Amino acid sequence: MTRKFLIAALVATAATAAPVFVSPAMANHHEGVKVGGAEMLPTRTIVENAVNSADHTTLVAAVKAAGLVDTLNSAGPFTVFAPTNAAFAKLPGGTVDTLLKPENKATLAKVLTYHVVAGKVAAADLVAKIKADGGSTKLTTVAGGTLTASLMGSTVMLTDEKGGVAHVTQADVMQKNGVIHVTDAVSLPN
């Protein structure tokens with residue numbers, strides 16, 4: 001079996017969106033990967049790229065409020081499951097505003113680091129581990145919690161400790177200090 005790296009493409013219509021994986025052969029190799037309308041350069045750090053994504057302004061604001069910019073700019077490597085603005089908008093009203101308050105910095109940091117796994121985990125490696133482990137695998141987050149990764153067809157799903165499910169909608173956005181996998185929901189620790 002040849003080793004292929006998968007890239008997830010978000011297929012959206014006015015009424016519905018469904019995560020779909022496509023092979024790199026379908027992408028233009030001369031252009032960089034784009035997230036939120038911005039090119040993600042593998043020579044930049046996670047934060048240096050994320051600040052340019054129109055789809056991740058809430059995440060970037062949260063990373064700044066939690067004081068995690070220096071950490072996510074460090075050598076790593078890190079695997080970040082990065083919720084979009086739409087993912088944050090699914091949270092109950094007022095949740096994001098409450099988390100961004102200075103007095104909730106520790107809670108915000110816990111939520112954000114729950115989306116980070118130490119090391120660089122490419123989609124193909126994660127899918128192989130899910131299959132090798134019988135259909136699901138546990139990922140230990142930097143926050144010390146557990147995300148359970150499984151497959152729905154060819155889409156990676158992450159189940160958090162509260163039973164919430166996030167789908168990887170764009171995988172393998174390579175960074176100088178790791179990799180980002182874009183998700184459609186915010187994962188929550190206990």
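The following questions and answers go through a predicted model of one protein chain. Local features are taken at pLDDT of at least 70 and side-chain atom pairs at pLDDT 80 or more, while totals for chains, interfaces and linings use all residues. Residues are numbered from 1 along each chain as its sequence is written, and side-chain values use heavy atoms, without hydrogens and water.

Me: How many helices and strands does the protein chain have?
Reply: Helices (H or I, at least four residues) and strands (E, at least two) are DSSP runs, numbered from the N terminus. On that basis the secondary structure of the protein chain comes to seven helices and eleven strands.

Me: What percentage of the residues of the protein chain count as buried?
Reply: Buried means under 20% relative accessible area, exposed over 50%, and partly exposed in between, with a 1.4 Å probe and protein chains only. The protein chain has 190 residues, and the share that counts as buried is 43%.

Me: In what order do the strands of the open sheet stand?
Reply: Two strands pair if DSSP finds at least two bridges between them. The open sheet has seven strands in mixed pairing, and their order is 6-5-11-10-9-8-7.

Me: Which strands of this sheet have a single partner strand?
Reply: A strand at the edge has one partner, so one side of it is left without a neighbour in the sheet. The strands at the edges are strand 6 (116-118) and strand 7.

Me: Which side chains of strand 7 are buried?
Reply: In a regular strand the side chains alternate between the two faces of the sheet. Strand 7 (residues 136-140) alternates, with S136, K138 and T140 pointing to one face and not buried. The side chains on the other face, which are buried, are those of T137 and L139.

Me: Which residue in the turn between strand 7 and strand 8 has a positive phi?
Reply: Strand 7 and strand 8 (residues 146-152) run antiparallel and are joined by five bridges, with T137 opposite A149. The two strands form a hairpin with five residues between them. The residue in the turn with a positive phi, about 95°, is G144.

Me: With which side chain does the side chain of T148 make a polar contact?
Reply: T148 is found in strand 8 and counts as buried at 17% relative accessibility. Strand 8 also pairs with strand 9 (residues 155-159) in the antiparallel sense over five bridges, and there the bridge partner of T148 is T159. A polar contact is a pair of N or O atoms within 3.5 Å; within protein, one must be able to donate a hydrogen and the other to accept it, and residues adjacent in sequence count only if both atoms are side-chain atoms. At 3.2 Å, the partner of the T148 side chain is the side chain of K138.

Me: Which element gives the largest share of the largest nonpolar core?
Reply: A nonpolar core is a set of buried Ala, Val, Leu, Ile, Met, Phe, Trp, Tyr and Cys residues joined through side-chain atoms within 4.5 Å. The largest has 27 residues, of which L72, V80, L112 and I180 touch the most other members. Elements that give two or more residues to this core include helix 2 (57-65), strand 5 (78-83) and strand 11 (178-183). The largest share, four residues, comes from helix 6.

Me: Which residues of helix 2 are buried?
Reply: Contact means heavy atoms within 4.5 Å. The cover over the buried residues of helix 2 includes helix 1, helix 3, strand 5, helix 4, helix 5 (95-99) and helix 6. The buried residues of helix 2 are T58, L59, V60, A62 and V63.

Me: What is the phi of D172?
Reply: Most residues other than glycine have a negative phi, and most peptide bonds are trans. D172 lies in strand 10 (residues 165-175) and is buried, with a relative accessible area of 7%. Residues in contact with I180 include D172. D172 is not a glycine, yet its phi is positive, at about 55°.

Me: What is the omega of the peptide bond from G76 to P77?
Reply: P77 is placed in the loop between helix 3 (69-73) and strand 5. The bond from G76 to P77 is cis, and its omega is near 5°.

Me: What separates the C-alpha atoms of T43 and M174?
Reply: T43 is in the loop between strand 4 and helix 1 and counts as exposed at 59% relative accessibility. T43 and M174 are 131 residues apart along the chain, and their C-alpha atoms are separated by 8.8 Å.

Definitions and conventions: Lists of a residue's contacts leave out its neighbours within four places in sequence.
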